[in-house]
Amino acid sequence: MRGRELAAGCAVIAVLGCLATGVDAAQCGSSPAGFESWKREFAEEARAKGISAATTAALLQAHYASATIAADRSQRSFGLSLDQFLAKRGASTIFARGRSLKQSQAALFASIQQRYGVPPGPLIAIWGMETGFGSQRGNQNMLSSIATLAYDCRRPQFFTEQLYATLRLIDRGVLSPATRGSMHGEVGQTQFMPKNILAYGTGNLDVAANALTSTAAFLRAHGWRAGAGYQPGEPNFAAIEAWNAASVYQRAIALMGRQIDGGATAER
């Protein structure tokens with residue numbers, strides 16, 4: 001399975017690379033003022049690259065997501081110490097609930113580990129960290145959030161690729177223009193970005209089993225090796241780094257995962 005997953009991921013990247021060619025013709029901006037004209041230009045480029053008329057029409061209805069921009073500018077929790085971050089994110093609750101879920105859903109986690117080599121701990125830690133085990137999946141319009149970030153001058157190249165992935169997913173019926181997600185367009189129980197849905201998504205990601213399976217597929221595609229450690233400095237920590245770029249988040253997942261899996265408390 002791994003070879004097919006990696007091949008699929010590479011194919012997606014190649015397609016998105018082709019789609020992104022020439023997209024810089026649509027000029028970025030730092031306020032709502034130019035968003036409407038940017039959408040019209042982007043929609044024309046998207047139509048020329050094979051996005052359907054219905055989907056580009058939906059893009060033209062997207063609104064400038066001021067709340068997303070505010071959130072993008074104020075991600076202060078990633079600058080906290082590990083202890084502060086764990087306290088802010090409710091690590092003790094994630095740990096307690098995670099141990100319970102590991103037992104109550106043992107068959108699911110055993111199946112995932114057998115297929116992908118990923119033990120329950122890090123998957124449960126990600127699930128708890130991202131959405132409080134599905135209780136906080138966000139209520140922002142995904143298309144508007146990602147379109148706004150693709151227009152914004154802070155990270156337009158990254159989010160342009162995410163926007164094209166979103167449009168493809170809408171074209172395929174995987175998502176709809178009304179899909180709700182978190183501030184940066186993440187959706188599902190473990191908060192997948194659109195490009196990762198294309199590459200690793202399995203079924204409806206609002207269903208926990210699908211989201212956890214897809215997360216394990218992501219980790220394995222990013223080098224996870226069955227039986228290897230996943231603490232900082234160990235082989236599988238790189239896969240956790242690929243999931244989220246924030247160092248404090250990575251260390252928190254490794255620590256909570258180890259505790260959930262029954263290991264000794266990791267050093268901070």
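These legends go with close-up views of a predicted model.

**View 1. The two sides of helix 7.** Here we're looking at helix 7, which runs over residues 106–116. Phe-109, Ile-112 and Tyr-116 are its buried residues to look for here. They sit on the same side of the helix because they cover an arc of only 60 degrees around the axis. Flip to the other side of helix 7 and you'll find Ala-107 and Gln-114, both exposed. Just past the end of the helix comes Gly-117, with a positive phi of about 85 degrees.

**View 2. Two Phe rings, edge-to-face.** Searching the whole structure turns up 14 aromatic pairs. One of them joins Phe-158 and Phe-159, with 85 degrees between the planes and 4.8 Å from centre to centre. Phe-158 is partly exposed at 40% relative accessible area, while Phe-159 is buried at just 2%.

**View 3. An aromatic cluster.** Ring pairs tie together Phe-35, Trp-38, Phe-42, Tyr-64, Tyr-151 and Tyr-164.

**View 4. The Cys-28 to Cys-153 disulfide.** The model has one disulfide, and its sulfur atoms, from Cys-28 and Cys-153, lie 2.1 Å apart. This pair bridges distant parts of the chain, 125 residues apart. Cys-28 comes from the loop between helix 1 (2–20) and helix 2 (35–48), and Cys-153 from the loop between helix 9 (142–151) and helix 10 (156–172). The torsion about the S-S bond is about 95 degrees, so this disulfide is right-handed. Cys-28 is partly exposed at 36% relative accessibility, and Cys-153 is partly exposed too, at 31%.

Key. Residues are numbered from 1 along each chain as its sequence is written. This is a predicted model: local features need pLDDT of at least 70, side-chain atom pairs count only at pLDDT 80 or more; totals for chains, interfaces and linings use all residues. Side-chain values use heavy atoms; hydrogens and water are left out. Buried means under 20% relative accessible area, exposed over 50%, partly exposed in between (1.4 Å probe, protein chains only). Helices (H or I, at least four residues) and strands (E, at least two) are DSSP runs, numbered from the N terminus. The arc is that of the directions from the helix axis to the C-beta atoms. Rings of Phe, Tyr and Trp (its six-membered ring) pair if their centres lie within 6.5 Å; planes under 30 degrees apart count as stacked, over 60 as edge-to-face and the rest as tilted. A disulfide is a pair of cysteine sulfur atoms within 2.5 Å.
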